[in-house]
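Here is a friendly walk through a protein model, meant for someone meeting it for the first time. Have the sequence and the 3D view open as you read.

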Amino acid sequence: MSELVPGGNLPLPGGALTFRVSGPFDVSALVTDDSGTVRGDGDFVFYNQPAAPGARLSGATLRVDPAALRAGASRVTVVVSPAEPGTPPGRLPAPALLVTDSGGRTVARFVPPRPHHESVLLLAEVYRRGAAWKLRALGQGYADGLAGIARDFGVKVAEDADAGPGPAAGSGAPAVAVGSGDLADRFLGLVNSVRGAAGSPAVALDGRLVAAARSHAAGMAAWDRLGSGGPDGLSVHQRVTAEGYAYLAIGEHLVSGPRDPAEFVEYCLTDDRSRRTLQDPAFTHAGVARVPGGRSGTPYWTALWARPLTPAGLARTTSEVLALTNAGRAAAGLPPLAEDPLLTRAAQAHSADMAARAFYSHTSPDGSEPWHRAAAAGSTRRTVGENIACGQRSPAEVVRGWMDSPGHRANILKPAFTHLGVGYAGGGAVGTYWTQLFGG
């Protein structure tokens, strides 16, 4: 059995799973696809609608059979709320989750931190990664109840008095119906209209970016303040890579205040830098989430923009860095540097290491220096030098920064250097890590 902590995950065995929650709690579930949103009201499983394809609720026990979920479903999020509406969360124990397989064997146990201000918890999720299914412990709180969670998963919510058709509400639970006006659809329509007017291609929602955005927005809401890092110490970029999205280009909007997608997009267009991110033609995917602050109720938004990392895309990016570097050398009357595969291997490994271990230094945590890394890659260059940078979002930006720095510029313009390797990686605390490894 695995004892999980928030953010922990593990692969699941085949067959159906049973989720049991101890304590005075109601259990519900949301079935979503790669967009991160529900497809219809049948995707919301709660006590007044206890069954959906592949998911069945009985009291505080939820049974999930991943193979039987509706077509396109890639995630089931397990939610708990007080069984007695209006009960202050601080009076309740932490909900203990026990997960068992089809044979009754215990797979995992998870006890999140005891809730304080939150009235509802995203407890855990079953999600597909390739052909396999995995379990992730969440423990993320919402202050405005089941209705707030439903809205952020793309559900149009009507309260008891005006619920109209749809699943009946009870014990203060929302009635749900899904239409074309949900958060993700409205956001995507407005964004792609703005991008189209600027001549940029449309972006598509990616479930991994949606999940990362939701996690980061929830962290800001829990803190009730904006920030690129969350209370768990993870940056927004680390959340993206943790969801399995490796990116070549990344952008983000971290905003508080707007009440709906229209206000959010309008806000992003009021600032030049923010508008450039919204309209950047480099991006092909997006993810968005909105979570109310725990104390203030102020909506906190995270919008993520990205282009996936591919071997061809990485090669184009590093070649552009080399071309811009050689343009700087040509302006100084120096011959161009030739691309060196061995130096490239070492440079790429160092960028990836900085992103993975969230450090920024010429000296690796294991004590290796640039010349050690070059030699380990098989290079026999006698003279080795290195430039590193972090946070820059394009080859032009990073080379311009190096050329504006006397020490880095001296490496670029050193006559003794004849070859260059370039590395790039996304992730870590600041989002991007660049390496130039020179040899002569």
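S235 sits in the loop between α3 and α4 (236–242), in what is a predicted model. Is this serine buried or exposed? Its relative accessibility is 5%, and because buried means under 20%, S235 counts as buried. Leaving aside neighbours within four places in sequence, S235 is in contact with S228, G229, G428 and A429. The side chain of S235 also reaches the backbone oxygen of G428, at 2.7 Å. Along the chain, S235 and G427 are 192 residues apart, yet their C-alpha atoms are 8.6 Å apart in space.

G428 leads us to a hairpin. It belongs to the hairpin of β22 and β23, which has 3 residues between the strands, and G428 takes a positive phi near 65 degrees there. Strand β22 covers residues 419–427, and 8 of its 9 residues are buried. Its hairpin partner β23 (residues 431–439) pairs with β22 in the antiparallel sense over 9 bridges. Within this pairing, V422 stands opposite Q436.

Now step back to the sheet around the hairpin. It is an open sheet of 4 strands, in the order β20-β22-β23-β21, with mixed pairing. The strands β20 and β21 (384–390) stand at the edges with a single partner strand each, so one side of each is left without a neighbour in the sheet. Strands of a sheet pair through backbone hydrogen bonds, either parallel or antiparallel. The three pairings of this sheet can be set out in a table.

| Strand pair | Sense | Bridges | A facing pair |
|---|---|---|---|
| β20 (residues 338–339) and β22 | parallel | 2 bridges | E339 and L420 |
| β22 and β23 (residues 431–439) | antiparallel | 9 bridges | V422 and Q436 |
| β21 and β23 | antiparallel | 7 bridges | V384 and G439 |

Two helices lie across this sheet. Helix α8 (residues 341–357) lies across β20, β21, β22 and β23, and runs at about 25 degrees to β22. Helix α10 (residues 395–403) lies across β21 and β23, and its angle to β23 is about 55 degrees.

P395 is part of helix α10. With 10% relative accessibility, this proline counts as buried. Setting aside neighbours within four places in sequence, P395 is in contact with T317, E320, V321, L324 and W434. A323 is 72 residues away from P395 in sequence, while the C-alpha atoms of the two are 9.6 Å apart.

What about the nonpolar interior? In soluble globular proteins, nonpolar side chains tend to be buried together. The largest nonpolar core here has 36 residues, and those with the most contacts inside it are V240, Y247, L304, V321, V398, W402 and W434. Helix α3 (residues 207–223) gives the largest share of this core, 7 residues. A second, separate core has 34 residues, including V27, A29, A73 and A108.

Which residues does W402 touch? Not counting residues up to four places away in sequence, they are V321, N387, I388, A389, H408, R409, I412, W434, T435 and Q436. Two names in that group, V321 and W434, are also contacts of P395.

Helix α5 (residues 261–268) offers another view of burial. Its buried residues are P261, F264, V265 and C268. Seen down the axis of α5, these residues fall within an arc of 95 degrees, so they line one face of the helix. An α-helix has 3.6 residues a turn, so residues three or four places apart point the same way. Covering the buried residues of α5 are, among others, α2 (183–197), β17 (247–256), α6 (272–279) and β19 (299–308). At the start of α5, a side-chain oxygen of D260 comes to within 3.2 Å of the backbone nitrogen of A262.

Finally, there is an open sheet of 7 strands, ordered β1-β11-β10-β3-β8-β7-β6, whose pairing is mixed. Its edges are β1 (2–4) and β6 (51–52), each with a single partner strand, so one side of each is left without a neighbour in the sheet. Within it, β3 (residues 17–22) and β8 (residues 61–64) pair in the antiparallel sense over 4 bridges. F19 has L62 of β8 as its bridge partner.

Technical notes: Residues are numbered from 1 along each chain as its sequence is written. This is a predicted model: local features need pLDDT of at least 70, side-chain atom pairs count only at pLDDT 80 or more; totals for chains, interfaces and linings use all residues. Side-chain values use heavy atoms; hydrogens and water are left out. Two strands pair if DSSP finds at least two bridges between them. Buried means under 20% relative accessible area, exposed over 50%, partly exposed in between (1.4 Å probe, protein chains only). Contact means heavy atoms within 4.5 Å. Axes are lines fitted to C-alpha atoms, for helices over the stretch in contact, and angles run from 0 to 180 degrees between N-to-C directions. A nonpolar core is a set of buried Ala, Val, Leu, Ile, Met, Phe, Trp, Tyr and Cys residues joined through side-chain atoms within 4.5 Å. The arc is that of the directions from the helix axis to the C-beta atoms. A polar contact is a pair of N or O atoms within 3.5 Å; within protein, one must be able to donate a hydrogen and the other to accept it, and residues adjacent in sequence count only if both atoms are side-chain atoms.
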